[in-house]
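Me: Please take me closely through one part of this model, the strand pairing, and then set that part within the rest of the chain. I work at the bench, so please spell out the cut-offs as you go.

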Amino acid sequence: MKFDHVLLGLLALHPRSGWDLRHWLASEGRFVRSNVHQSQIYRLLNRMNEKGWVEFEVDPRDGRPDAKVYRLTEAGRAELLAEARSPYRPTSRFQDPDFMTRFFFAGMLAPDVLPGLIDTELAYRRHQVATSRGRDRGIAFPEGTPEADAYRIRLIRELSHQYGTSAVDAWIDWLERTRRLLQDAQGADGTPLNPVRTSAAPPPTEGDDTR
């Protein structure tokens, strides 16, 4: 998701000032988006205000500069929901920030898309494991390169492979458990969540290097 939509998602929960948004991103949201500057947030808020996605009220502060407190408009809510429901296309890198951002905000605002989101990610990762895990991991060592110690490089390569294998397997396990939990979950009105499936993602392109 673009950073605009991350800010829209935060404002969908409750109105916030630009400082409030920066504070959340620097604490709870530091894994959603890193290295965000306050000036970047203000530029995006101004742009979203021009588009009619947000509006603001000036909140007087005693002894401090007044703050603009932004809230989501109906146009902003429609834009955010359209983004949450847009097709999800996994990348070769598992645990991509786009998935977790969609999972977080869609889970709060459009929970019916979660089963399809997880199914798409699961299908892609299972295909990667099935087609990549047994690949030849041999390394060719050029002659005359004294730094290329064969034993050390093979050991590092194997240790990296072991870590990648366990990490991908743990990710797939989490997706499967999360899918089951959501399937058993109840909506706010007491009715089960209805899965909305999306078409399976295309298989990884040649050259994907998933453990």
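Reply: Happy to help, starting with a term: helices (H or I, at least four residues) and strands (E, at least two) are DSSP runs, numbered from the N terminus. This is a predicted model, in which local features need pLDDT of at least 70 and side-chain atom pairs count only at pLDDT 80 or more, while totals for chains, interfaces and linings use all residues. Residues are numbered from 1 along each chain as its sequence is written, and side-chain values use heavy atoms, with hydrogens and water left out.

The chain contains 7 helices and 3 strands. Reading from the N terminus, the order of elements is α-β-α-α-β-β-α-α-α-α.

Now to the sheet. Strands of a sheet pair through backbone hydrogen bonds, either parallel or antiparallel. Two strands pair here if DSSP finds at least two bridges between them. The 3 strands form an open sheet in the order β1-β3-β2, and the pairing is antiparallel. At the edges are β1 (16–17) and β2 (54–59), each of which pairs on one side only. Strand β3 (residues 67–72) pairs with β2 in the antiparallel sense over 6 bridges, and β1 pairs with β3, also antiparallel, over 2 bridges. A handy place to look is Val 69 in β3: Glu 57 stands opposite Val 69, and so does Ser 17.

What lies beyond the strands? The next terms are these: buried means under 20% relative accessible area, exposed over 50%, and partly exposed in between (1.4 Å probe, protein chains only). A nonpolar core is a set of buried Ala, Val, Leu, Ile, Met, Phe, Trp, Tyr and Cys residues joined through side-chain atoms within 4.5 Å. The largest such core has 22 residues, and those with the most contacts inside it are Phe 3, Leu 7, Leu 25, Ile 41 and Val 54. Strand β3 is one of the elements that give two or more residues to this core, the others being α1 (3–13), α2 (18–26) and α3 (38–51). The largest share, 7 residues, comes from α1. Another core, of 19 residues, lies apart from this one and has Ala 106, Leu 117, Ile 118 and Ile 172 among its members.

Take Ile 41 as a guide to the larger core, with contact meaning heavy atoms within 4.5 Å. Neighbours within four places in sequence aside, Ile 41 is in contact with Phe 3, Leu 7, Gly 18, Leu 21, Arg 22, Leu 25 and Val 36.

Elsewhere, Glu 121 in helix α6 (residues 114–132) deserves a look too. Glu 121 counts as buried because its relative accessibility is 0%. A polar contact is a pair of N or O atoms within 3.5 Å; within protein, one must be able to donate a hydrogen and the other to accept it, and residues adjacent in sequence count only if both atoms are side-chain atoms. The side chain of Glu 121 makes one of 2.6 Å with that of Tyr 88 and one of 3.0 Å with that of Trp 171.

For the chain as a whole, 36% of the 211 residues count as buried. Among contacts with a separation of 6 or more, 64% join residues 24 or more positions apart.
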